[in-house]
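Take a look at the model below and let's walk through it together. We'll pick one helix and see how it sits among its neighbours.

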Amino acid sequence: RAWCAHCVKGKCKGSQHRKVDEEVKHEEQIPVISADYMFMSDKQKQEEEKGMPILVVKDRRTKVIRARVVPEKGKHWYAVKILGGIVGSLAYRRFILKSDQEPAIMNLKEGVKNESGPIEIMFEESPTYDSQGNGEIEHAVQVVQGQFRSMKDALESRYGVRFNGDHVCIPW
């Protein structure tokens with residue numbers, strides 16, 4: 001039962017993620033931009049990383065979601081340029097850059113901070129092993145993956161072909 005402190009301690013999966021009015025006011029003052037990597041492959045297993053990584057970024061204030069393919073995870077010059085360009089286009093002078101605790105995304109964030117000049121970037125990481133702690137960007141990743149699948153299916157049906165991994169299957 002929710003009213004039983006022992007049941008809550010023994011059975012809950014994580015802390016509740018409710019916002020208190022003061023927290024909401026604080027978050028409205030400092031924008032939060034979340035970032036994570038995703039992969040797209042038909043033959044990819046759940047936790048497998050296959051193909052080039054896609055950087056997904058979401059701004060909490062404007063609800064803008066952007067996704068760009070990068071050559072590799074981590075502090076690659078192109079990925080730093082891409083993320084820096086995305087956060088720069090939002091025109092915040094001060095913001096929180098949120099991610100999980102994966103070393104590659106942490107290095108990327110550090111690279112962007114080093115290149116940001118007068119912009120003040122604060123880091124925030126979701127708690128380890130708490131999938132809901134970074135649920136906002138996880139949802140954005142699902143939105144981007146759904147959009148990719150929709151566009152791929154529309155393209156395949158329009159041209160009567162199936163893209164199958166590395167080659168195209170043309171029904172003759």
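Which elements do the buried residues of α4 pack against? Keep in mind that this is a predicted model. The buried residues of α4 pack against the partners in this little table:

| Partner of α4 | Residues |
|---|---|
| β1 | 32-38 |
| β2 | 54-59 |
| α3 | 77-89 |
| β4 | 94-99 |
| β5 | 120-125 |

So who does the packing? The buried residues of α4 are Ala104, Ile105, Leu108, Lys109, Gly111 and Val112. Look down the axis of α4 and these buried residues fall within an arc of 160°, so they line one face of the helix. Over on the other side of α4, Pro103 and Asn114 are exposed.

Now for a quick check on the helix itself. α4 covers residues 103-115, and at 1.5 Å a residue its 13 residues should span 18 Å; the end C-alpha atoms are 19 Å apart, which agrees. After α4 comes glycine 117, with a positive phi near 65°.

Let's zoom out to the whole protein chain. It holds five helices and seven strands, and along the sequence they follow the pattern α-α-β-β-β-α-β-α-β-α-β-β. Of its 172 residues, 31% count as buried. Take the contacts in the protein chain with a separation of 6 or more: residues 24 or more positions apart account for 60% of them. As for the outside, the protein chain exposes about 11,800 Å², and carbon and sulfur atoms supply 52% of that area.

Definitions and conventions:
Residues are numbered from 1 along each chain as its sequence is written. This is a predicted model: local features need pLDDT of at least 70, side-chain atom pairs count only at pLDDT 80 or more; totals for chains, interfaces and linings use all residues. Side-chain values use heavy atoms; hydrogens and water are left out. Helices (H or I, at least four residues) and strands (E, at least two) are DSSP runs, numbered from the N terminus. Buried means under 20% relative accessible area, exposed over 50%, partly exposed in between (1.4 Å probe, protein chains only). Contact means heavy atoms within 4.5 Å. Accessible areas come from the Shrake-Rupley method with a 1.4 Å probe; for residues, only the protein chains shown count as cover. The expected span of a helix is 1.5 Å times one less than its number of residues. The arc is that of the directions from the helix axis to the C-beta atoms.
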